[in-house]
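Student: Got a minute to go through this model with me? I would like to start with the sheet.
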Amino acid sequence: MTEPNSTVASPPRNDKHIKDKDRPKLKVLAFHGYRQNGAVFRAKIGSFRKAVSKYVQLTFFSAPHKVVNEDESDEDSRSWWFNAEDNSFSGKCLGGPAIGFEDTLQLIETVVKENGPFDGFMGFSQGACLVGILAAMQQKGYLPYTFQFAIFASGFRSGSLVHKGFYDEDINLPSLHVYGESDSIIPKEMSESLINLFNKPVVAEHSGGHYVACSGSIKDAYLDFLHERYQDIIEKGKNGDGKDS
């Protein structure tokens, strides 16, 4: 599941970012969107993977619930939970159930135990919604593991009734939120509703739609955010004060 370090192939940038290709990486667990799976998500975000490869080692995995494709395709479509009785999911659905959510929590705990610990979580669409729930659960002390930052692409609050209570307090977690101004699947107002839960969120808006953008100022936003996380987590962790021992 873990992306091998051999994928780090981009040349050093002439900027403030660290150039030592052998340095340790931030470990990040990636959560795909609805009707995707870990392999599909990995393939779709090649630009993002390349952009952050100097800082991040990504681990991809698939949601536990298979989505029945109406077109009868062979694609292994997955969902983290369903919010309709017909085992489907829509981010715009309010007041629905969260069918299979407990199975997802158990899977994440297993993945973290076997492949972690992870410094951060990153998610797209339903996966970003899930990362937001996990951040809220961590804030309340409900998780058996911890993560130190979160990256959201087209994130939103879950409308499932069982999740409503998670959103009743501010979340103290460094967070980067990226969304598309033209996103019709998860309109920016939905992303802004999630953003408002976080203390001091970093926000980057692009003009496109429902995808993980990674060009121009959006790419810079990822790199700046991860540069700060790298300094806080890895450089300061060398001997506890950020100085070389």
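Tutor: First a term: two strands pair if DSSP finds at least two bridges between them. Helices (H or I, at least four residues) and strands (E, at least two) are DSSP runs, numbered from the N terminus. This is a predicted model, where local features need pLDDT of at least 70, side-chain atom pairs count only at pLDDT 80 or more, and totals for chains, interfaces and linings use all residues. Residues are numbered from 1 along each chain as its sequence is written, and side-chain values use heavy atoms, with hydrogens and water left out.

Student: Fine. How many bridges between strand 1 and strand 2?
Tutor: Five, and the two strands pair in the parallel sense. One residue to look at is L26, which stands opposite V56 in strand 2.

Student: And what is the strand order in the open sheet?
Tutor: The order is 2-1-5-6-7-8, six strands with parallel pairing. Strand 2 (56-60) and strand 8 (202-206) are the edge strands, each pairing on one side only. On average, neighbouring strands are turned by 20° against each other, direction ignored. Axes here are lines fitted to C-alpha atoms, for helices over the stretch in contact, and angles run from 0 to 180 degrees between N-to-C directions.

Student: Strand 5 to strand 6, how many bridges there?
Tutor: Five again, with strand 6 covering residues 149-153 and the two running parallel. G120 has F149 as its bridge partner in strand 6.

Student: Back to strand 2. How many of its residues are buried?
Tutor: Five of its five, so to speak of it as mostly covered is right; buried means under 20% relative accessible area, exposed over 50%, partly exposed in between (1.4 Å probe, protein chains only). V56, L58 and F60 point one way, while Q57 and T59 point the other way.

Student: Now the helices. Which residues of helix 3 are buried?
Tutor: They are F101, T104, L105, I108, V111, V112 and N115. Seen down the axis of helix 3, these fall within an arc of 125°, so they line one face. The arc is that of the directions from the helix axis to the C-beta atoms. E102, K113 and E114, on the other side, are exposed.

Student: What covers that buried face?
Tutor: The cover includes strand 1 (26-31), strand 3 (65-66), strand 5 (120-124) and helix 4 (126-139). Contact means heavy atoms within 4.5 Å.

Student: What about helix 5, which strands does it lie across?
Tutor: Helix 5 (residues 188-195) lies across strand 6, strand 7 (175-180) and strand 8, at about 170° to strand 7. Its buried residues are M190, S191, L194 and I195. Those fall within an arc of 145° seen down the axis of helix 5, so they line one face.

Student: Different topic. Where is N83, and is it buried or exposed?
Tutor: N83 sits in the loop between strand 4 (78-79) and helix 3. N83 is buried, at a relative accessible area of 4%. A polar atom of its side chain lies 2.7 Å from the backbone oxygen of S90. Not counting residues up to four places away in sequence, N83 touches residues including S88, F89, C93 and S160.

Student: And H32, buried or exposed?
Tutor: H32 is buried, at 0% relative accessibility. H32 lies in the loop between strand 1 and helix 1 (38-44). Beyond residues up to four places away in sequence, H32 touches F41, F61, W80 and F124, among others.

Notes:
Polar contact = N/O pair within 3.5 Å; in protein donor to acceptor, adjacent residues only side chain to side chain.
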